[in-house]
Amino acid sequence: MTHFFSRRSFLKGSAAAAAALTSPLLPADAAFSETENGLFSPVSALCQTQYGPVKGREGENGQLCWYGIPYGAAPTGESRWTAPQEPARWLTVRDCTSPAPAAYQYTTFPLGTEDCLTLDIYSSAEAKKRPVLVYLHGSAATGSSLELPGSELVRDAGCVFVALNYRLGLFGWNCLPALTSGSDAAGNFALLDIARALDWVKENIHRFGGDADNITLCGFSDGGRMAAALAGSPLFRERFQKAVAISGGLSLADPDAAAQKLAENFAPLAVEDGRFADTASAAEWLLTPGADVREWLCGLEPARIAALGKPAILYADDVVLSRDARSAVPLLLLSSATEFSGFVRDDLRPASSAARAYAVKYGSALCRWSSTEAVAEAVAEALGGSAPVWLGLIDYGGADSQTTIPGLGSFHGLPLALFSSESSYSACADLSSAGAQALSAQLKQALAGFMTSGSPGWDVWTPQDRDALHFDADSETACVTFNSYPDTQESIRAAMAADTSLSAAEKETVEHLYFSGFSF
């Protein structure tokens, strides 16, 4: 089945998306009929929000999509590093039929816009008080809401799907002292964007067929780290009811160390601008809380900022995030068996095939452990197991699977490809077989159960049983088994020490290149 929300339409339409059309003025309640319980029935492409009317796209079988609805004002100029404000209201119908530009970012060149606080909604005409899935895309420095189109989850998991754009890179994560005062003390500006978006969802999603009292926050990779961290944030209490973290983790950065690194990154720009003769003096100035530092930072061209690279994220600031806070909501943790394969495949730094195999094997084990078992252990330690946690491992495609995916195995992003045939990762593997489609259905069913009832359908993880559901498939059918989690921190370390495929010096080189970021 071909869906109308395509990456091709994103590439064609992103530059002009989400602009207000020159349509006639529309009174606030014109063309909208609201039922007594506050729900619009049926949901239509022309929909009212608290800030103004929006028009979305109508697709097959009653599916609907709105792209680029503003949930916050543009964080530009003096507002570049502040908590997001409400968007301006509009009276004309806003065209939300084409994807909005991504948040400003740098890949091989700068792209996107600082006016990025928008969200996409996928629903259907018959939707009424459905569970809501709010999605945070991967990478805190690049990416967009288009990473995981939601039309197939709307159809197969019975939800209303919301995907967010939020500030990325140094625009979203900056804890320099001049920027972290008062209510913005966090420096976690991307997280403040997410809080604002969740408030928007709470106030508006009933008009799109969603249940404002049943919101699940879901993230992938860095987005998964955010979802897991926000599940324990006092600032986010009652903003959502459940969380799903896919290939994420739960590590927090020290804000003082991060500020020192940020000052070093920005210092060459201050030298280029003639403010200082050397980077040491510039960095010292950047660590002061003065208004002159803030004024200079807010006046920088965005391309110069984006080119500085990816900062540390998720600062433990005791405002938004605390090292002592852990999940207080039901938490579903998912990981793939061969998470590290894509990071090594095109990297020639480990010269030998044995070194690359070592990196994939143990890097994948570390990724699996840090994004599932390590998070579950942290939750259990902090709350005595009072917040239920479920673990799911996708073995499909890996070395021990009944179906292998050559070159990549069970890769980072495979869950997204199983959730949507139009995700950013769908081209990495052929998932058209009957077995892969059955596996996709199983995964969507688990997600639907979790959103609806608070349980994905298998037993919770406990420190005593350490149980996880394993997802696999052969060419015809899904194969789901319930076993103890395969790794511990100690077992991974012991396996690395006992591995004789590399010399001690080669191991040290590979581990320095790839594993230094793990708490291990």
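**Exercise 1. In which loop does A253 lie? Work out its burial and its surroundings as well.**

Solution. Bear in mind throughout that this is a predicted model.

Step 1. Locating A253 along the chain places it in the loop between β13 (242-246) and α6.

Step 2. The relative accessible area of A253 is 15%, and because buried means under 20% relative accessible area, A253 counts as buried.

Step 3. Once its neighbours within four places in sequence are set aside, A253 is in contact with A312, I313, L314, Y315, A316 and R323.

Step 4. For I313, one of these partners, the C-alpha to C-alpha distance to A253 is 6.4 Å, although the two residues are 60 apart in sequence.

**Exercise 2. Describe D222, and find a residue that it touches in common with A253.**

Solution.

Step 1. D222 is found in helix α5, which covers residues 222-230.

Step 2. With a relative accessibility of 8%, D222 counts as buried, since the cut-off for that class is under 20%.

Step 3. Leaving out residues within four places in sequence, the contacts of D222 are G138, S139, A140, K310 and I313.

Step 4. Setting this list beside that of A253 shows that I313 is in contact with D222 and also with A253.

**Exercise 3. Examine the two residues E238 and S247 for their phi values, and decide for each whether it is buried or exposed.**

Solution.

Step 1. As background, most residues other than glycine have a negative phi.

Step 2. E238 has a phi near 75°, which is positive in a residue other than glycine, and S247 likewise has a positive phi, near 55°.

Step 3. E238 is found in the loop between α5 and β13, while S247 lies in the loop between β13 and α6, the loop in which A253 was placed above.

Step 4. E238 has a relative accessibility of 67% and therefore counts as exposed, whereas S247, at 7%, counts as buried.

**Exercise 4. How do the axes of helices α6 and α7 cross, and which residues meet there?**

Solution.

Step 1. Helix α6 spans residues 255-272 and helix α7 spans residues 279-286; their axes come within 8 Å and cross at roughly 115°.

Step 2. The crossing in which α6 passes α7 is right-handed.

Step 3. On the α6 side the residues taking part are A263, E264, F266, A267, P268, A270 and V271, and they meet T279, A282, A283, W285 and L286 in α7.

Step 4. Sorted by class, this contact has 10 nonpolar, 1 polar and 1 charged residues.

**Exercise 5. How many residues does the largest nonpolar core have, and which helix gives the most to it?**

Solution.

Step 1. The largest nonpolar core has 120 residues, and those with the most contacts inside it are W66, I121, I194, F240, F266 and L297.

Step 2. Helix α11, residues 353-383, gives the most to this core, contributing 13 residues.

Step 3. A second core, separate from it, has 44 residues, including A157, A163, V244 and L334.

Step 4. Taking F240 as an example from the largest core, its contacts beyond four places in sequence are L198, I215, L217, L230, A231 and V329.

Step 5. F266 is also among the residues with the most contacts inside the largest core, and F266 is one of the α6 residues that meet α7.

**Exercise 6. Compare V389 with G59 in location and in burial.**

Solution.

Step 1. V389 lies in strand β15, residues 389-394, whereas G59 lies in the loop between β4 (57-58) and β5 (63-70).

Step 2. V389, at 3% relative accessibility, counts as buried, while G59, at 26%, counts as partly exposed.

Step 3. Not counting residues up to four places away in sequence, V389 touches L331, L333, A376, V379, V460 and W461.

Step 4. V389 and L333 are 56 residues apart in sequence, with 7.4 Å between their C-alpha atoms; for G59 and A45, the separation is 14 residues in sequence and 9.8 Å from C-alpha to C-alpha.

**Exercise 7. Summarise the chain as a whole: its elements, its burial, its contacts and its exposed area.**

Solution.

Step 1. The chain contains 15 helices and 17 strands.

Step 2. Of its 520 residues, 57% count as buried.

Step 3. Among contacts with a separation of 6 or more, 76% are accounted for by residues 24 or more positions apart.

Step 4. The chain exposes about 20,600 Å², of which carbon and sulfur atoms supply 51%.

Conventions
Residues numbered from 1 in each chain as written. Predicted model: local features only at pLDDT ≥ 70, side-chain atom pairs only at ≥ 80, totals over all residues. Heavy atoms only, no water. Core = buried A, V, L, I, M, F, W, Y, C linked by side-chain atoms within 4.5 Å. Buried < 20%, exposed > 50% of the residue type's maximum accessible area, 1.4 Å probe, protein only. Helix = DSSP H or I, 4+ residues; strand = E, 2+ residues; numbered from the N terminus. Contact = heavy atoms within 4.5 Å. Axes fitted to C-alpha atoms, helices over the stretch in contact; angles between N-to-C directions. Left-handed = near helix turned anticlockwise from the far one by under 90°. Nonpolar A, V, L, I, M, F, W, Y, C, P; charged D, E, K, R; others polar. Areas by Shrake-Rupley, 256 points an atom, 1.4 Å probe, with all protein chains shown as cover.
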